[in-house]
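Student: I would like to understand the words used for this structure, and how each of them is justified. Could we go through them one at a time?

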Number of protein chains: 2
Amino acid sequence: MNAEAATEAKPRDREATRQRLLRAARSLFAEHGYEQVTVRMIAAAADANIALVGRYFGSKAGLFGEVLAGEPTVARVIEGDPEGLARRLGEYAAERMYSDPESPILRSLERSAGDPEIQELVRERLRNAIIAPMTAGLDGPDAQARARLATAVFLGIGTMRRLLGPEVPTPADVDRITAVFELCLRPHT
Amino acid sequence: MNAEAATEAKPRDREATRQRLLRAARSLFAEHGYEQVTVRMIAAAADANIALVGRYFGSKAGLFGEVLAGEPTVARVIEGDPEGLARRLGEYAAERMYSDPESPILRSLERSAGDPEIQELVRERLRNAIIAPMTAGLDGPDAQARARLATAVFLGIGTMRRLLGPEVPTPADVDRITAVFELCLRPHT
DNA sequence: GCGGCTAGTAAACGAGCGTATACTCGCCTG
DNA sequence: CAGGCGAGTATACGCTCGTTTACTAGCCGC
């Protein structure tokens, strides 16, 4: 009757333990950001030993990198027809402003920037997984600058939500945010 | 001939030392954010003893709070006629994206959020010094939501600049960013 | 001229961190 | 059934952090 089977049985299974650590890390990083999460928290959440983080991922930074790499969350929003991109971004950002049912790792991007190694990981992820595919769907020479601006708005909304707490978005909010994204992404004034 | 007079003479002057610590802290916090700055760094930069931080400001958090309180930087941009607010925000954000000649403490807002006490300070500062005065210049029932969105864009641009490095803003960028702020602040669609 | 208030100093403390090491135990092969 | 490989564990190491304490030394009023 004690805390034996938290989520599922735990036989000696390297891969299963690895996955538990990965899932726990993903959840915690998304919730609190890289710096605020300790390997002890991750190990406890995964019901695993601290040393296994080092054993399976080399280091905390390595684990974070693997979490980032396995994160498909935003691709669904960004890829797809460029026509509805602004709308999808608007809805996603508005919903993110309200409540965060699934925890997207994107949320940790803005607040994980202490260790230079981590900053490099975040930068690369930001470029390759967000700005690059977004730029690919745009026309014009300043496509990257526009994608960058849209990403800035996206991150900023997340930051505000984190700092000030969620706020129920009205349909008007979604429309306004969508319009902002459209303006960011529009080829030229 | 050794490192005696770094910037100015240093007689036993409580107030002067306090100010040196305050200035050093302001600069470092703005550059690296709260978490990344240690009291040892501050004391070294101020050419003062570590213990004085505790003595004069109570704690590192207290020092940060005093730095925040004495920061008039953004008021100049936000206050003034609401007509040109979007333009001023646009120019400031664009310039901030490019280069940061004077170091505004605002930059540390987004990345200083670990300690709950600090988060509370940042939240309060964000509300009182940015959102509230911005809301005051707007009309309509959703004025605060609009100010909040504009602030989100503002912070997001800062975050991007910090993560990806500065990028030379073209006049078109300034215009686009200004248009974004106008859209954020406009009463209704 | 000197005693006491006070600015400034040096050093250490305790806690928390990421990481590494030495060990135990369960399972699977031969 | 015996042996060993590897998953999992307990624990400690080294470091840095913010903070505190005990001390030194300069100025100012009497």
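Student: What makes Asp115(B) count as partly exposed?

Tutor: Its relative accessibility is 31%, and buried means under 20% relative accessible area, exposed over 50%, and partly exposed in between (1.4 Å probe, protein chains only), so Asp115(B) counts as partly exposed. The residue Asp115(B) sits in the loop between helix 6 (85-98) and helix 7 (116-136) of chain B, where helices (H or I, at least four residues) and strands (E, at least two) are DSSP runs, numbered from the N terminus.

Student: What should I know about the model itself before we go on?

Tutor: This is a predicted model, in which local features need pLDDT of at least 70 and side-chain atom pairs count only at pLDDT 80 or more, while totals for chains, interfaces and linings use all residues. Residues are numbered from 1 along each chain as its sequence is written, chains are lettered from A and ligands numbered from 1 in the order in which they are written, and side-chain values use heavy atoms, with hydrogens and water left out.

Student: Which residues gather with Asp115(B) in a patch of negative charge on the surface?

Tutor: The patch joins Glu35(A), Asp115(A) and Glu117(A) with Glu35(B), Asp115(B) and Glu117(B). Patches are made of residues with over 30% relative accessible area and no salt bridge, with like charges joined within 9 Å and nonpolar side chains (Val, Leu, Ile, Met, Phe, Trp, Tyr) within 5 Å; a salt bridge is a side-chain nitrogen of Lys or Arg within 4 Å of a carboxyl oxygen of Asp or Glu.

Student: How do you know what relation holds between chain A and chain B?

Tutor: A rotation of 180 degrees with 0.0 Å of shift along its axis superposes chain A on chain B, with an RMSD of 0.1 Å (least squares on the C-alpha atoms of residues with pLDDT of at least 70 in both). That is the relation of a two-fold axis. In chain A, the C-alpha nearest the axis belongs to Gly156(A), at 1.7 Å from it.

Student: Which elements make up chain A?

Tutor: Chain A has nine helices and zero strands, and buried residues make up 52% of its 189 residues.

Student: Why is Val67(B) called buried or exposed?

Tutor: Val67(B) has 4% relative accessibility and therefore counts as buried. This residue lies in helix 4 (residues 60-69) of chain B, and its C-alpha is 10.0 Å from that of Leu21(B), although the two are 46 residues apart in sequence.

Student: Is Tyr56(A) buried or exposed, and what makes it so?

Tutor: Tyr56(A), at 16% relative accessibility, counts as buried, and its place is in helix 3 of chain A. The C-alpha atoms of Tyr56(A) and Arg18(A), 38 residues apart along the chain, are 6.8 Å from each other.

Student: Why is His188(A) called buried or exposed?

Tutor: With a relative accessible area of 59%, His188(A) is exposed. It is found in the segment after helix 9 (171-185) of chain A.

Student: What makes the phi of Asp47(A) worth a remark?

Tutor: Phi of Asp47(A) is near 55 degrees, a positive value in a residue other than glycine. Most residues other than glycine have a negative phi. Asp47(A) lies in the loop between helix 2 (39-45) and helix 3 (50-57) of chain A, and its relative accessible area of 35% makes it partly exposed.

Technical notes: Accessible areas come from the Shrake-Rupley method with a 1.4 Å probe; for residues, only the protein chains shown count as cover. Lys and Arg count as positive and Asp and Glu as negative; His and the chain ends are not counted. The place of a charge is taken as NZ of Lys, CZ of Arg, CG of Asp or CD of Glu.
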